Amino acid sequence: MPDNQLGEFLRARRAGLRPRDVGMPDHGVRRVAGLRREEVAVLAGVNADYYTRLEQGRERHPSAQLLDALGRALRLDPDACAHLHQLAGTVPPVPLAPAAPDHVGPALRQLLDGCQGAPAFVINRALDILAANALARALYSPFDPADNLARMAFLDPAGRRFHTRWDHTAQAVVAHLRQAAGLEPDNPRLRGIVRELGEHSVEFTRLWNTHAVRGKTTDAKDFLHPDVGPLSLTHQAFDVRGAPGRQLIVYQADPATPSAEALTLLGSLHATAGRC
């Protein structure tokens, strides 16, 4: 069967909208969830037959203007709209560096260790943790192993206890992987983690099939650590220059808050444990 990721994405996003979400009346019983193809075509100002061919994979060369119109019709955010263009091939592919071993150089490791009082770690597009400072290792100590953020959330029993807003975390993880798959569809590590999660997690498969797309955000992270209790942390993601797809993630607690005190205590506990 021919690959039709563009059509799958359009169908999934259409299914996630109701007429009232887009200001349209809802008449009659609907055989399937979401908007009808004809309704999307009206909203985007395109021919309904053309839109049907696009979903079915019989039309594969939409213009950038048409995709923008579909993005507005389907209420896509900027990340999802960029993903739509990637699937249709209307934007240049992201230049990728030659494949290299997943190692982190000494300069970046020194930067990680210099983040005193803040958990910091480096990830790749598949959400593998490539390197972490001592406080990040302490933060993720409930996981065994703490090697991949997606696997930790979906497959490790500690995941649902650790992430107090697990549903939100799960959606964010899947949306990140879906965006990464659009940018680098032939990445074997990325394909492998998606396949593993799909084979072992019904929740992952359900979320993956929604085709939601989102890059890393600065949303607050809410954790429940068995050693120090609740932690509410903000975070920043920085692209690693010279290594496409790598990101440096730094968590922080607001000063003079219970989370800041708990983070300091966590560092002290694990430093003491390391000396024993």
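Select Ile123 first, in this predicted model: its bridge partner in strand 2 is Ile129. Extend the selection to strand 1, residues 120–123, and strand 2; three bridges join these antiparallel strands. The two strands form a hairpin with five residues between them. Within that turn, select Leu127, whose phi is positive, at about 70°.

Next, display the whole sheet. Five strands make up this open sheet, in the order 2-1-5-4-3, and their pairing is antiparallel. Colour strand 2 (129–132) and strand 3 (221–225): these stand at the edges with a single partner strand each, so one side of each has no neighbour in the sheet. Viewed along the sheet, neighbouring strands are turned against each other by 35° on average, direction ignored.

Move now to strand 3 and its partner, strand 4 (residues 229–239). The two run antiparallel and are joined by five bridges. Select Phe223 to find Leu231 of strand 4 opposite. As a general guide when inspecting strands, side chains in a regular strand alternate between the two faces of the sheet.

Finally, turn to the helices. Select helix 1 (residues 5–15) and helix 3 (residues 48–56), whose axes come within 6 Å and cross at roughly 115°. The two helices are therefore roughly perpendicular to each other. To see the contact, show Leu6, Gly7, Leu10, Arg11 and Arg14 on helix 1, together with Tyr51, Leu54, Glu55 and Gln56 on helix 3. Colouring these residues by character shows four nonpolar, two polar and three charged.

Methods. Residues are numbered from 1 along each chain as its sequence is written. This is a predicted model: local features need pLDDT of at least 70, side-chain atom pairs count only at pLDDT 80 or more; totals for chains, interfaces and linings use all residues. Side-chain values use heavy atoms; hydrogens and water are left out. Two strands pair if DSSP finds at least two bridges between them. Helices (H or I, at least four residues) and strands (E, at least two) are DSSP runs, numbered from the N terminus. Axes are lines fitted to C-alpha atoms, for helices over the stretch in contact, and angles run from 0 to 180 degrees between N-to-C directions. Angles under 35 degrees count as roughly parallel, over 145 as roughly antiparallel, 65 to 115 as roughly perpendicular and the rest as oblique. Contact means heavy atoms within 4.5 Å. Ala, Val, Leu, Ile, Met, Phe, Trp, Tyr, Cys and Pro count as nonpolar, Asp, Glu, Lys and Arg as charged, and the others, Gly among them, as polar.
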